[in-house]
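Grab a pencil and work through these exercises with the structure on your screen. Try each task yourself before you read its solution.

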Amino acid sequence: MVSLNLTVPLAVDFNYAADYFIFLTNLLIATSAVLVAGSVVLGIICKKTLRGQNRFIFMLNTSISDTLSGVGGYYIGLFDVQEGFPSRNGTYYILPSLLGVNILTILFSQLDRFLAVVYPYTYNRYITRTIVIEVCVFSWFYTYFTLTIQSFVTTDVAAKINAYGTLLLRVIIIAKVLLNVKLYLIAKYQIAREPPGPERDSKKESLRLIIVVVVCFLTLWTPRFYYIILVQLTRSRYMFNNNASDPLSMMLRFTSTCTPGLYIWGSPALRESVLKTVFGGVCPPLKKRIGPDSKRNCKHLDI
């Protein structure tokens with residue numbers, strides 16, 4: 001849902017070389033997000049063995065959000081759009097809120113990996129595929145239910161809700177960092193003591209992947225986080241012409257490419273599915289080159 005103004009101008013006037021750079025950069029960010037995240041979505045949906053594993057459900061959820069962010073990036077990144085205050089041709093925070101879905105989903109996936117490795121018996125008994133799907137649905141419901149409430153209340157109430165949301169965001173960021181440290185220690189010491197085998201390899205792969213994803217996510221998101229704190233402390237901020245020319249906004253939208261890209265890099269099973277299902281359909285010789293699924297990639301344990 002966007003502004004009813006049907007004559008939204010482009011983000012830049014193309015009077016300077018920097019205008020071309022900004023336009024092309026935003027175009028590449030949006031296109032790469034759609035292609036990479038969309039490939040992950042198709043790769044997981046088209047492969048039953050991946051759909052049956054909890055960790056891939058979390059990947060699917062974030063990748064759906066990233067694909068939508070990429071599609072929305074064509075509007076936010078190429079046209080004269082200013083989210084926030086004062087809003088101009090904005091989307092009423094609908095597109096930026098997709099990042100909130102990712103923040104919650106990645107946090108839940110960290111908890112999932114922690115429980116799977118530290119308490120495997122409890123995890124296999126209680127954390128079912130249905131529970132994981134419900135958690136992913138909750139991340140969407142909570143994000144957009146809060147956004148809906150803010151749209152129908154007074155400005156003062158909306159400001160208070162936003163303040164609580166900012167506080168919760170800080171708590172989530174701290175929790176992400178602490179969980180990442182804990183997962184790193186588990187991967188380094190606990191799993192190293194386990195006997196070699198497919199279960200150990202699966203645990204190492206899943207822990208390594210979520211650690212790298214969170215580090216990358218926080219690296220791209222942290223500058224915006226500190227900028228928000230600085231604005232709150234100084235009560236002033238630098239106004240960019242629009243979201244397209246805001247480098248911090250570009251970094252946030254680039255997470256929609258990095259996160260699914262890391263999924264493909266860190267999971268051989270997903271990488272094979274993406275190459276065979278997505279790119280194999282476009283390039284049949286590639287599909288033949290990949291060949292049948294190997295037992296190593298198809299028989300990952302559901303942890």
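Two residues are in contact when they have heavy atoms within 4.5 Å of each other. Keep in mind that the model is predicted.

**Exercise 1: the overall picture**

Work out which elements build the protein, and how its contacts are spread along the sequence.

*Solution.*
- Step 1: start with the elements. The protein has 12 helices and zero strands, so reading from the N terminus you get α-α-α-α-α-α-α-α-α-α-α-α.
- Step 2: turn to burial. Of the 303 residues, 46% are buried.
- Step 3: look at contacts between residues at least 6 apart in sequence. Of these, 77% join residues at least 24 apart.

**Exercise 2: a pair of helices**

Find the angle at which helix 6 and helix 7 pack, and decide whether the pair is roughly parallel or antiparallel.

*Solution.*
- Step 1: know what to look for. Two packed helices are described by the angle between their axes and the distance between the axes.
- Step 2: read off the geometry. Helix 6 (residues 129-152) and helix 7 (residues 155-190) pack at about 155 degrees, and their axes are 9 Å apart.
- Step 3: compare with the cut-off. Angles over 145 degrees count as roughly antiparallel, so helix 6 is roughly antiparallel to helix 7.
- Step 4: find who touches whom. Tyr-142, Thr-146, Ile-149 and Gln-150 on the helix 6 side meet Ala-158, Ile-161, Asn-162 and Leu-168 on the helix 7 side.
- Step 5: sort this contact by class. You should get five nonpolar, three polar and no charged residues.

**Exercise 3: empty space inside**

How many cavities of 30 Å³ or more are there, and what lines them?

*Solution.*
- Step 1: picture the method. Rolling a probe the size of a water molecule over the atoms shows where empty space is left.
- Step 2: count. There are two cavities of 30 Å³ or more.
- Step 3: take the largest cavity, with about 120 Å³ of space. It has 13 lining residues, and Arg-55, Met-59, Ser-109, Arg-113 and Ile-210 lie nearest its centre.
- Step 4: trace that lining back to its elements. Helix 3 (54-78), helix 4 (98-118) and helix 8 (198-234) each give two or more residues, and helix 4 has the largest share with five.
- Step 5: sort the lining of the largest cavity. Six residues are nonpolar, four polar and three charged.
- Step 6: move to the second largest cavity, at about 30 Å³. Its lining includes Ile-29, Gly-73 and Arg-253, and helix 1 (17-45), helix 3 and helix 9 each supply at least two residues. By class, this lining has three nonpolar, four polar and one charged.

**Exercise 4: three residues up close**

Decide whether Phe-254, Phe-14 and Asn-89 are buried or partly exposed.

*Solution.*
- Step 1: recall that buried means under 20% relative accessible area, and exposed means over 50%.
- Step 2: Phe-254, in helix 9 (residues 247-266), has 34%, so it is partly exposed. Setting aside neighbours within four places in sequence, Phe-254 contacts Ile-29 and Leu-220. Phe-254 and Gly-73 are 181 residues apart in sequence, yet their C-alpha atoms are 9.8 Å apart.
- Step 3: Phe-14 sits in the segment before helix 1. With 26%, Phe-14 is partly exposed. It has a positive phi of about 60 degrees although it is not a glycine.
- Step 4: Asn-89 is in the loop between helix 3 and helix 4. Its 12% makes Asn-89 buried, and its phi is positive too, at about 55 degrees, although Asn-89 is not a glycine.

Key
Residues are numbered from 1 along each chain as its sequence is written. This is a predicted model: local features need pLDDT of at least 70, side-chain atom pairs count only at pLDDT 80 or more; totals for chains, interfaces and linings use all residues. Side-chain values use heavy atoms; hydrogens and water are left out. Helices (H or I, at least four residues) and strands (E, at least two) are DSSP runs, numbered from the N terminus. Buried means under 20% relative accessible area, exposed over 50%, partly exposed in between (1.4 Å probe, protein chains only). On a 1 Å grid over the protein atoms alone, a cavity is a set of points where a 1.4 Å probe fits but cannot get out, and a pocket is an open set with protein on both sides within 12 Å along at least five of seven lines; lining residues have an atom within 4 Å of a point. Grid points are joined across faces, edges and corners, and a volume is the space filled by probe spheres set on the points. Ala, Val, Leu, Ile, Met, Phe, Trp, Tyr, Cys and Pro count as nonpolar, Asp, Glu, Lys and Arg as charged, and the others, Gly among them, as polar. Axes are lines fitted to C-alpha atoms, for helices over the stretch in contact, and angles run from 0 to 180 degrees between N-to-C directions. Angles under 35 degrees count as roughly parallel, over 145 as roughly antiparallel, 65 to 115 as roughly perpendicular and the rest as oblique.
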